[in-house]
Amino acid sequence: MHNGEEPESTETEQGQYLLTAEDAELLQEILNHNLSNQGEKRKFRFQDLNFTRQLSTFQNLGTTAPQFHGFFVLFWMGVTLMLFRLAANNWRTYGSIWGKNEIIRLMMDKDVMVLGLTDLLLCWSTGFCLILQRVVLKGYVRWNGLGWLIQNIWQTIYLGAVIWWTYHRDWPWTHTVFIVLHCLTMLMKQHSYAAYNGYLSEMYHKRNMLKASLGQTKAKERGYATSAKAKKGHSSAVDTQLNAEITDLKKKDRGRRSSDLQNYSRSHETDQLLSLIRTIETGVPLEPNQVKSLRELLEQEIEVLSDGLKGRCSLTNNHYPQNLTIGNICDFMTLPTLVYELEYPRTKRIDWFYVAEKTLATFGIIVVMIAVSQSWIYPVVMDTVRMKEEGMTVQQRLREFPWVLGDLLFPFMMEYLLAFYVIWECVLNAIAEITMFADRGFYSDWWNSVSWDQFARDWNRPVHNFLFRHVYHGSISEYLEVYIARPERPNKRSILLLTDVIGHRFINAQLIADQLAANGYLVVMPDLFHGDPVPLNNRPASFDLMTWLKGPPGHLPDRVEPVVRAILTEMKSKMGCERVGAIGYCFGAKYAVRLLQPGFCDVAYVAHPSFVDAEELQAIKGPLSIAAAETDSIFPASKRHESEDILGKTGQPYQINLFSGVEHGFAVRADITKPTIRFAKESAFLQAVAWFDQYL
């Protein structure tokens, strides 16, 4: 089906339509999804980053780090004095403040015009991505088919052509570094633009199919109504060819899917969907009430997909496919971000005085960088070249190498600091102001980094955001399903939420994660059970909790702890989490306590803990808070008193709150219609928030 057209169909004598094979496959997928994810809000890819209005770190020094502002000013005073000293020496020695001027001649003597034209072509050629996405929209190719392959071939050619061109023109290193870095920047922009729009194209294609199917379903309902009137209450049967066609599509793996679906809660809506899916699978003619259920399902799915096509748009109507315009891609290519979004936070006006300030600062710092290179780097480099030309042996040159390195260390560090400031503070802020881009979080306080991972994240936020969306984020969810709740304003405080045996799909657990995010924490809640949690309702008569726990395959520490450790590693190395607090409910409490260790979790809170050993409690290396139930066979009064004695000897801050009138599980699975239980549940949550606010 192309261009959003109606799928080919066959009309029966009663005015009914036969769905195409593609439509029938899609309906089966939607039925299974709705059954397995009831109560969950649909999550879409590429909505993992929040752009917010914020100033850059140096712009905000007076507020965020006033104690650092004076040192910042002192640094630039020192740079100014150094520049004056270099200029004076050059004037006295060479009659020019630039000295011998080799660096400027190196930059300006060769192919400056060709460099500019190459850069212009580099930017305009990104329009290929728009052309490809328009072709995908028209339905000539599918993104999940040839589309992504064409895009990757284009990106490879794009990078290869630029690298070849620099060698072909024999450019100096200044030209080569500039054009290759700009090429990589535009390459990342193209990848983000194509990946997001390609994903949306598949969603758009699916929605068009569902709209066509909805029209046919409404026609069926009208046919039933007409037939019922004509036959005075006798309903007509749906053409059996439809059911036969759908049945043929779903021969594989049918029994397993249907049996899995029985484990979910059986609400009235669930019963209707289960009835509908059994009818489609077995080929039994649809009843009128089932056609109605199918129509309602299609309408709901179309609404969900329509929301997905809006992305994070809240102020504009730049939804897919309205965003596939020359203006939109040109706007994105000029913005100081590598991550494509349908809408970004914007400022209301351009402050041209601010633009002038950053522009002057850019040229001023470039002058300083040229002076440093000319005075301290270029002479040393030329000395090494002269050593080789004079016939010094490799051994002789190696003896000189430590001295050469020592001569270059300080000027290289100076050039690094200046290059960072001119690009991430001056150039990007100037571009952001001109384009009215409000998110100025181009870097964080990387000079306070205590690890290489932290430094790599904080000194170049645009690249980190690109890698997080298109590389790192998939590495978590590739093997594990994870629920992530994000705070309104990004920060480095995070919580690892370890669930009870019901698992991370339980709506109550997700609501807790959302509330923690509303309190300012990034919350990561992984699937601890490899897709095998304990069913909340309708457990089979043969189900035994201890057999489920011990296996095979089981859910003992040798299977669960590697999952928790892997998630912690991802949070710290890829997601930028500097400090991590752990919350453990019931089953998850054991692992919150076990990993309350340096390098893993910094703070922990557990509610009605299960299976926590005394040795694990004795080994904690951070603050621990416990919310306990009055009636709890797993964590009874004797265990609670023993835990209190152990915690008192650890030397770590601890807290134990006991709630009367509640049982094991009250902090997650409480009956909130009862005031006492509701009070205990809400108080336990506030206990967790207060504990993390204090110690995390």
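Start by selecting lysine 110 and aspartate 170 in this predicted model. Their side chains form a salt bridge, with the closest N and O atoms 4.0 Å apart. Now color the surroundings by secondary structure: lysine 110 lies in the loop between helix 4 (102–108) and helix 5 (112–124), while aspartate 170 lies in the loop between helix 7 (143–169) and helix 8 (173–230), so the pair ties together parts that are 60 residues apart in sequence. Switch on a surface and compare the two partners. Lysine 110 is partly exposed, at 31% relative accessibility, and aspartate 170 is exposed, with a relative accessible area of 55%.

**Next stop: a nonpolar patch**

Keep helix 4 and helix 8 in view and select Leu106, Trp173, Val177, Leu181 and Leu184. Together these residues make a nonpolar patch on the surface, with about 470 Å² of accessible area. Which helix gives the largest share of the nonpolar patch? Helix 8 does, with four residues. Leucine 106, for its part, is found in helix 4, and at 31% relative accessibility it counts as partly exposed.

**The annotated segments**

For a wider view, color residues 68–91, 112–133, 145–165, 177–196, 360–381 and 401–424. An unreviewed UniProt entry annotates these stretches as "transmembrane region". Two of them are good to pick out on their own. Residues 68–91 are 100% helix and 0% strand, and the C-alpha atoms at the two ends are 35 Å apart. Residues 145–165 are likewise 100% helix and 0% strand, with 31 Å between the end C-alpha atoms.

**A cis peptide bond and a salt bridge**

Now move along the chain to tyrosine 320 and proline 321. The peptide bond joining tyrosine 320 to proline 321 is cis, and its omega is near 5 degrees. Proline 321 sits in the loop between helix 12 (288–309) and helix 13 (326–334). While you are in this part of the sequence, select aspartate 307 and lysine 310 too. Their side chains meet in a salt bridge at 3.9 Å, N to O. Aspartate 307 is partly exposed at 42% relative accessibility, and lysine 310 is also partly exposed, at 34%.

**Around methionine 436**

Select glutamate 433, methionine 436 and arginine 440 together. Arginine 440 and glutamate 433 form a salt bridge whose closest N and O atoms are 3.0 Å apart. Are these two partners buried or exposed? Both arginine 440 and glutamate 433 are buried. Methionine 436 has a backbone feature to check: its phi is positive, about 60 degrees, although the residue is not a glycine. You will find methionine 436 in the loop between helix 15 (394–434) and helix 16 (452–458). With a relative accessibility of 29%, methionine 436 counts as partly exposed.

**A salt-bridge network**

Go on to Glu561, Arg565, Lys590, Arg594, Asp613 and Glu616. Salt bridges with shared partners join these residues into one network. If you would like to display every salt bridge at once, how many should a search of the whole structure find? The search finds 20.

Then step to phenylalanine 611, in the loop between strand 5 (603–607) and helix 22. Here again phi is positive in a residue other than glycine, with a value near 60 degrees. Phenylalanine 611 is partly exposed, and its relative accessible area is 40%.

**A negative patch**

Helix 22 (residues 614–618) also holds glutamate 615. Select this residue along with Glu642, Glu644 and Asp645, and you have a patch of negative charge on the surface. Helix 23 (residues 637–650) supplies the largest share of the patch, three residues. Glutamate 615 is exposed, with a relative accessible area of 56%.

**Last stop: alanine 684**

Finish in helix 24 (residues 675–695), where alanine 684 is located. Alanine 684 is buried, with a relative accessible area of 0%. To close the tour, draw a distance line between the C-alpha atoms of alanine 684 and valine 668. The separation is 9.7 Å, for two residues that are 16 residues apart along the chain.

How values were computed
Residues numbered from 1 in each chain as written. Predicted model: local features only at pLDDT ≥ 70, side-chain atom pairs only at ≥ 80, totals over all residues. Heavy atoms only, no water. Patch = residues over 30% accessible without salt bridge, like charges linked within 9 Å, V, L, I, M, F, W, Y side chains within 5 Å. Areas by Shrake-Rupley, 256 points an atom, 1.4 Å probe, with all protein chains shown as cover. Lys, Arg positive; Asp, Glu negative; His and termini not counted. Charge placed at Lys NZ, Arg CZ, Asp CG, Glu CD. Buried < 20%, exposed > 50% of the residue type's maximum accessible area, 1.4 Å probe, protein only. UniProt positions renumbered as here; feature names shortened; annotations may be inferred.
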